[in-house]
Amino acid sequence: MPNSFENLEKDLFSDNKNGYEKITEETKKDLFSFCEGYKDFLNECKTERECTLWIEKTAAAAGFKSFSEFESLKPGDKFYVKNTDKSIFLAVMGKKPVTDGTNIIAAHIDSPRLDAKPNPLFEDTGAAYLKTHYYGGIKKYQWLTIPLAIHGVVYKEDGQKVDIVIGEKESDPVFCISDLLPHLGQTQMEKTASKFVEGEKLNVILGSMPFGDEKTNQKAKLSVMKILNDMYGIKEQDFVRADIEIVPAFKAKDVGLDRSLIGAYGHDDRVCAYTAFMALMTVDLPEKTVICHLVDKEETGSSDSTGMQSTFLENMIARMCAKTIENYNDICLRDALENSECLSSDVTAAYDPNYADVFEKNNSAYLNGGVALMKYSGARGKSGTNEASAEFVTKVTDIFKKNDCVWQIAELGKVDGGGGGTVAQFLAVLGISVIDCGVPVISMHAPYEVVSKLDVYMAYKAYKGFYI
Ligand code: MN
Ligand code: MN
């Protein structure tokens with residue numbers, strides 16, 4: 001009776017089919033069109049500031065108002081608050097009081113990159129360079145010999161702010177960092193990958209044409225400084241009042257003949273930020289208040305006033321309580337936090353057959369497997385973990401089921417194989433129930449990361465389901 005065994009198998013075993021075998025033709029069309037918007041977002045937003053300002057502008061156009069415009073809050077009110085220009089908090093007020101808890105999605109909008117040092121310019125043997133300090137966990141060698149763009153803000157001496165973007169338009173020049181030719185690379189090639197290129201060699205070439213006469217020193221540096229001064233009115237000293245980021249210059253593109261994947265810089269974690277924000281845009285009058293919190297500095301440990309370890313989220317929930325409750329006291333805030341639930345929306349590693357040895361096949365996230373839950377993070381005996389309870393996993397997976405969301409559950413790599421953290425632990429410490437839930441990524445933290453369009457769309461569906 002082979003047939004009944006087949007039915008039994010179907011009944012008793014988990015369904016690990018590829019996501020495309022679980023969706024309709026219509027959903028396939030929807031996910032492809034959804035991802036066009038995502039690619040545009042990636043191309044416009046390559047820094048946390050650009051993300052913050054894009055989200056603010058898009059939210060405002062959709063009727064969200066600045067928090068300061070509200071004397072008090074009522075169900076259905078929609079607002080945003082920026083934490084400087086590097087992080088943004090958005091909410092739609094629910095029918096129930098804030099003390100009943102909120103549904104929070106937290107994602108981060110900073111990505112690994114190279115930052116300009118405060119005194120970045122120097123000249124060596126006729127060429128001008130920009131010195132960098134890398135930001136986040138990068139494999140430094142991946143940043144050599146690729147086209148780079150410069151994004152950032154500079155404040156001039158008179159306090160005027162200047163936005164800089166060079167290397168994105170088709171007509172713009174780009175920048176790059178050199179590598180050694182293989183002919184002379186014998187000693188270099190013997191080094192381990194972590195020593196292959198030292199941090200102090202990540203110098204970006206800015207120009208090489210001399211400017212000035214025989215009395216002039218550092219002619220190439222003068223040449224690039226003159227161009228920057230003509231373009232933006234800035235002087236060398238102004239670099240100390242700046243946030244300048246060096247990011248890959250390439251655009252987000254479809255990858256593969258079937259166009260099922262997207263290659264781009266910064267999927268980690270803009271893929272979860274974008275999908276969470278787009279999900280929030282569909283919410284009108286939720287039962288509980290819903291929050292989309294997009295933070296900075298995750299890649300360096302979240303320890304900054306714009307990162308998840310700051311009290312900003314807590315303060316915002318306190319302010320929301322104060323604007324909805326007449327006799328507000330601190331207990332209201334504690335209740336609101338402890339009754340809140342959160343998806344810590346960050347990317348996870350997608351199984352890569354080229355590096356099969358670091359994954360445990362049964363507990364890996366796969367491309368096209370759908371949005372990935374991580375019940376726990378941490379490494380070496382779950383050390384430093386946030387672990388979602390069976391109860392919370394039940395609640396979340398039930399939401400996924402009701403919303404036809406394709407999902408999977410995974411760990412980040414083999415036991416004792418390494419590990420990685422997210423913002424989850426910093427929400428958990430406030431008493432909030434939290435689980436990691438994001439999109440699997442191939443080549444995470446590389447200048448060019450790859451995700452599956454199906455997984456991107458399923459993250460959006462998951463987040464939408466969580467909000468309503
Ligand atoms: Mn991340
Ligand atoms: Mn990361």
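This report walks through a two-manganese site and a nine-stranded sheet in a predicted model.

Some housekeeping comes before the details. The model is predicted, with local features needing pLDDT of at least 70, side-chain atom pairs counting only at pLDDT 80 or more, and totals for chains, interfaces and linings using all residues. Residues are numbered from 1 along each chain as its sequence is written, chains are lettered from A and ligands numbered from 1 in the order in which they are written, and side-chain values use heavy atoms, with hydrogens and water left out.

**The metal pair**

The manganese ion (ligand 1) and the manganese ion (ligand 2) sit 3.3 Å apart, with D268 coordinating both. Donors here are N, O and S atoms within 2.8 Å of the metal (3.2 Å for Na, K and Ca); water is not among the atoms, so sites may look incomplete.

| Ion | Protein donors | Distances | Sequence spacing |
|---|---|---|---|
| manganese ion (ligand 1) | H108 (NE2), D268 (OD), D346 (OD), D346 (OD) | 2.1 to 2.5 Å | H-x159-D-x77-D |
| manganese ion (ligand 2) | D268 (OD), E299 (OE), E299 (OE), H445 (NE2) | 2.1 to 2.6 Å | D-x30-E-x145-H |

Around ligand 1, distant parts of the chain are linked: D268 belongs to helix α7 (residues 267–280), while D346 is in the loop between β14 and β15 (348–349), 78 residues apart. Helices (H or I, at least four residues) and strands (E, at least two) are DSSP runs, numbered from the N terminus.

Ligand 2 has its own link across the chain. E299 is in the loop between β13 (289–295) and α8 (312–322), and H445 is in the loop between β19 (440–441) and β20 (449–452), 146 residues apart.

Are these donors buried or exposed? D268 counts as buried because its relative accessibility is 2%, and D346 is buried too, at 8%. E299 also counts as buried at 12%, as does H445 at 17%. Buried means under 20% relative accessible area, exposed over 50%, and partly exposed in between (1.4 Å probe, protein chains only).

**The sheet**

Nine strands form an open sheet in the order β1-β2-β3-β13-β4-β14-β18-β16-β17, with mixed pairing. Two strands pair if DSSP finds at least two bridges between them. At the edges are β1 (65–66) and β17 (407–409), each pairing on one side only. Strand β17 pairs with β16 (residues 371–374) in the parallel sense over three bridges, and A372 stands opposite Q408 in β17.
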